[in-house]
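Me: I've got a model open here and I'd like to talk through it with you. Ready when you are.

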Amino acid sequence: DDVHFAIVGPGDAREALQRHVDALRLGHAVELTGGVSDERVRAYLSTADVCVGVDECNAMNDRAAMRKVLEYLALGKAVVQFPLIEMQRLCGDSTIYARNGDAADLADRICALLDDDERRRRLGEAARRQVTAGLMWPQQVPALLAAVETAAARSAAWKEAT
């Protein structure tokens, strides 16, 4: 009775999930917003105690940086997610990982975090440090410029060789 879940965004399973929420009579605790404005997303995030990444491990997701999770970290939010390879590399121990694809484990870890104010605070601080220690745009610019310079030099060398 003391928790409200907001699932923000259109999502390809939204209609089926809404039917499931209705069938379980959980409408008072679960809100499926559909697509919303950036301003409304910010409003939801500003009041969130825990943010969740539900992307499961697979060949594509394991190589992706999930922008929404990085945004949660930048906001200093405690995060529960599945252990995607790239996200583990980026997040380290600043988030909680549930067993891949295990909805019950994900739920247990969310509930445990909701009941532990101090752990949420520590994770939020660690999350913010993790992002500001090298994942923000200013820290990325030198690596991106070096990559462009390397590509340009290789392109020039290839053109000379052909």
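Reply: One term up front: two strands pair if DSSP finds at least two bridges between them. Helices (H or I, at least four residues) and strands (E, at least two) are DSSP runs, numbered from the N terminus. Keep in mind that this is a predicted model, where local features need pLDDT of at least 70, side-chain atom pairs count only at pLDDT 80 or more, and totals for chains, interfaces and linings use all residues. Residues are numbered from 1 along each chain as its sequence is written, and side-chain values use heavy atoms, with hydrogens and water left out.

Me: Which residue of strand 5 stands opposite valine 80?
Reply: Strand 4 covers residues 78–81, and strand 5 covers 96–97. The two run parallel and are joined by two bridges. Across from valine 80 you'll find isoleucine 96.

Me: Which strands stand at the edges of that open sheet?
Reply: The sheet has three strands, paired in parallel in the order 3-4-5. An edge strand has a single partner, so one of its sides has no neighbour in the sheet. That's the situation for strand 3 and strand 5.

Me: What does arginine 109 touch, leaving out residues up to four places away in sequence?
Reply: Arginine 109 belongs to helix 5, and a contact here means heavy atoms within 4.5 Å. Its partners include the pair that face each other across strands 4 and 5. The full set is Val80, Ile96, Tyr97 and Ala98.

Me: Is arginine 109 buried, partly exposed or exposed?
Reply: Buried means under 20% relative accessible area, exposed over 50%, and partly exposed in between (1.4 Å probe, protein chains only). Arginine 109 has 31% relative accessibility, so the label is partly exposed.

Me: How far apart in space are the C-alpha atoms of arginine 109 and glycine 124?
Reply: In sequence, arginine 109 and glycine 124 are 15 residues apart. C-alpha to C-alpha, the spacing is 15 Å.

Me: What hand does the β-α-β crossover from strand 1 to strand 2 have?
Reply: Strand 1 pairs with strand 2 (residues 30–34) in the parallel sense over four bridges, with phenylalanine 5 opposite valine 30. The chain gets across by way of helix 1. With the strands pointing away from the viewer, a clockwise path from the first strand over the helix to the second counts as right-handed. This crossover is right-handed.

Me: What's phi of arginine 25?
Reply: Arginine 25 sits in the loop between helix 1 and strand 2. With a relative accessible area of 71%, arginine 25 is exposed. Its phi is positive, in a residue other than glycine, and lies near 55°.
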